[in-house]
Number of protein chains: 2
Amino acid sequence: MSDARERQKFLQWLRDRGHRVTAERLALFEEIFAQHRHIDAEELLDSMKARALKISRATVYRNLDLLVECGLARKQRLGQNRFLYEHVHPGQRHDHLVCTGCGRVVEFVSPGIAALQGEICRAHGFSPTSHTLQISGLCNACVQKRDEAQRPPERALPSPAHVETARTLSGPPP
Amino acid sequence: MSDARERQKFLQWLRDRGHRVTAERLALFEEIFAQHRHIDAEELLDSMKARALKISRATVYRNLDLLVECGLARKQRLGQNRFLYEHVHPGQRHDHLVCTGCGRVVEFVSPGIAALQGEICRAHGFSPTSHTLQISGLCNACVQKRDEAQRPPERALPSPAHVETARTLSGPPP
DNA sequence: CCTCTTGTTGAGATCTGATCTCAAGAAGCT
DNA sequence: AGCTTCTTGAGATCAGATCTCAACAAGAGG
Ligand SMILES: [Zn+2]
Ligand SMILES: [Zn+2]
Ligand SMILES: [Zn+2]
Ligand SMILES: [Zn+2]
């Protein structure tokens, strides 16, 4: 596990604020840093139950907010309804492509966009604290699936030269 | 009202799909195009009731989805919880700065970001259908308010040379 | 190590935004 | 006008998130 530094930061942050270091908080921290993907509170609750870590729903929600507050986690609505959480690696901004066909989430990094956002905020005298950029659409696979469904008796269409494979962090929903 | 063209498009879209042109649909269309700001379903319902236009909650939700489907409205979560709707002007993409202090929403346009998004999608073989970009933080006024609150007996701080004023489309929440 | 204070937890109630149900109503075709 | 089919409205329902409050335990102090 490579979260020794983050763990230390979390504990220090808690103590600095007079918050207590509880077993539940540590367990939640471990869990969210063990899950290398975007995960929602309910899934987190289940996966902790599955590991025989006892924790209640309310505590999960409360402490997820705490993790976000201290900058170790990010909270976003990636699909439609639920909030998804992911642990944050300092200095590594990324954003998301969300496939509406299969639910997959792909991360991308764009220093150019980051820079432009900075310019825009400066121009408006705005002090940004966070941002959300997500692009919804269809991934390669889902586009092909849809095209095949539309005209069934026809194949050998010239497939794209090379299929871009990026980190896919969330599988399709059940 | 400058929505003659959009109104025509809406009616045509309805007929093309075999949907009916009802009084409720027309009223909702008028209302959302009359409100030049980001507004949620509940507010829309209230403002229509205030104008003695009878319409039910379910119908508002149903037909807002219809407007989004035909491309005349955009649906986004700008604050945290509710969906906000705004009417769309064709070919005029814009994104949002959201002040977490006063709730104000400011729109901005960035062709540069739009272009970069296009490149990213191409690189990933992703077919985008929509996007959300919002930057949260504090507006000029709220930054000053906070600074003044933090050290009360001190003034004459060098105010910024010129205060950028952009279209502010949503007032602070009640 | 024991005690006291005070922040934290857990089970379930509650809230909120959004969607669904289904009988009554009305577009629009003829 | 008559008929078919889509649409509406009132209220039930759903899902995700938050709140309540008594029991609990972290951590300071002795
Ligand atoms: Zn897909
Ligand atoms: Zn991510
Ligand atoms: Zn503000
Ligand atoms: Zn806008």
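A residue counts as partly exposed when its relative accessible area falls between the 20% below which it is called buried and the 50% above which it is called exposed. With that cut-off in hand, and keeping in mind that this is a predicted model, begin the tour at Arg93(B), which has a relative accessible area of 26% and is therefore partly exposed.

**Stop 1: Arg93(B) and Asp95(B)**

Select Arg93(B) together with Asp95(B), whose side chains meet in a salt bridge with an N to O distance of 2.8 Å. The partner, Asp95(B), is buried, its relative accessible area being 1%.

For another salt bridge in chain B, select Glu69(B) and Arg17(B), where the closest N and O atoms are 3.3 Å apart. This pair links distant parts of the chain, since Glu69(B) belongs to helix 4 (residues 57–69) of chain B while Arg17(B) sits in the loop between helix 1 (4–16) and helix 2 of chain B, 52 residues apart.

**Stop 2: the zinc ion (ligand 4)**

Staying in chain B, select ligand 4, a zinc ion whose protein donors are His38(B) (NE2), Glu86(B) (OE), His94(B) (NE2), His96(B) (NE2) and Glu107(B) (OE), at 2.0 to 2.1 Å. Along the chain these donors follow the spacing H-x47-E-x7-H-x1-H-x10-E. His38(B) lies in the loop between helix 2 (23–34) and strand 1 (39–40) of chain B, and His94(B) in the loop between strand 3 (84–87) and strand 4 (95–99) of chain B, so the pair ties together parts that are 56 residues apart in sequence. Are these two histidines buried or exposed? His38(B) is buried, with a relative accessible area of 3%, and His94(B) is buried as well, with a value of 13%.

**Stop 3: chain A as a whole**

Now display chain A as a cartoon, in which six helices and seven strands can be traced. Read along the sequence, they follow the pattern α-α-β-α-α-β-β-β-β-α-β-α-β. Chain A has 174 residues, of which 41% count as buried, and among its contacts with a separation of 6 or more, 53% are between residues 24 or more positions apart.

**Stop 4: the zinc ion (ligand 2)**

Select ligand 2, the zinc ion coordinated by His38(A) (NE2), Glu86(A) (OE), His94(A) (NE2), His96(A) (NE2) and Glu107(A) (OE), at 2.0 to 2.2 Å. Here His38(A) comes from the loop between helix 2 (23–34) and strand 1 (39–40) of chain A and His96(A) from strand 4 (residues 95–99) of chain A, so this pair ties together parts that are 58 residues apart in sequence. Both His38(A) and His96(A) are buried.

Centre next on His94(A), found in the loop between strand 3 (84–87) and strand 4 of chain A and buried, with a relative accessible area of 13%. The side chain of His94(A) makes a polar contact with the side chain of Glu86(A) at 3.0 Å and another with the side chain of His96(A) at 3.1 Å. Leaving aside neighbours within four places in sequence, the residues in contact with His94(A) are His38(A), Arg74(A), Glu86(A), Glu107(A), Phe108(A) and Val109(A). Two of these names return if you select Arg74(A), Glu86(A), Arg93(A) and Asp95(A), which are linked in a network of salt bridges.

**Stop 5: where the chains meet**

Finally, show both chains and select their contact, which takes 38 residues from chain A and 38 residues from chain B. The area buried between chain A and chain B is about 3,000 Å², with carbon and sulfur atoms giving 65%. Within the area that chain A buries against chain B, His124(A), Phe126(A) and Ile135(A) supply 20%, more than any other three residues.

What kinds of polar link cross between the chains? The count of salt bridges between chain A and chain B is zero, whereas 10 residue pairs are in polar contact. Colouring chain A by element shows that strand 4, strand 5 (105–108), helix 5 (111–123), strand 6 (127–138) and helix 6 (140–150) each give two or more residues to the side that touches chain B. Strand 6 of chain A gives the most, with 12 residues, and the residues of this side divide into 19 nonpolar, 16 polar and three charged.

End at Phe126(B), in the loop between helix 5 (111–123) and strand 6 (127–138) of chain B, which is buried at a relative accessible area of 8%. Among the residues that Phe126(B) touches are Leu97(A), Val98(A), Ile135(A) and Leu138(A), along with Cys121(B).

Note on methods: Residues are numbered from 1 along each chain as its sequence is written. Chains are lettered from A and ligands numbered from 1 in the order in which they are written. This is a predicted model: local features need pLDDT of at least 70, side-chain atom pairs count only at pLDDT 80 or more; totals for chains, interfaces and linings use all residues. Side-chain values use heavy atoms; hydrogens and water are left out. Donors are N, O and S atoms within 2.8 Å of the metal (3.2 Å for Na, K and Ca); water is not among the atoms, so sites may look incomplete. Helices (H or I, at least four residues) and strands (E, at least two) are DSSP runs, numbered from the N terminus. Buried means under 20% relative accessible area, exposed over 50%, partly exposed in between (1.4 Å probe, protein chains only). Contact means heavy atoms within 4.5 Å. Buried area is the accessible area (1.4 Å probe) that two parts lose on being put together, summed over both. A salt bridge is a side-chain nitrogen of Lys or Arg within 4 Å of a carboxyl oxygen of Asp or Glu. A polar contact is a pair of N or O atoms within 3.5 Å; within protein, one must be able to donate a hydrogen and the other to accept it, and residues adjacent in sequence count only if both atoms are side-chain atoms. Ala, Val, Leu, Ile, Met, Phe, Trp, Tyr, Cys and Pro count as nonpolar, Asp, Glu, Lys and Arg as charged, and the others, Gly among them, as polar.
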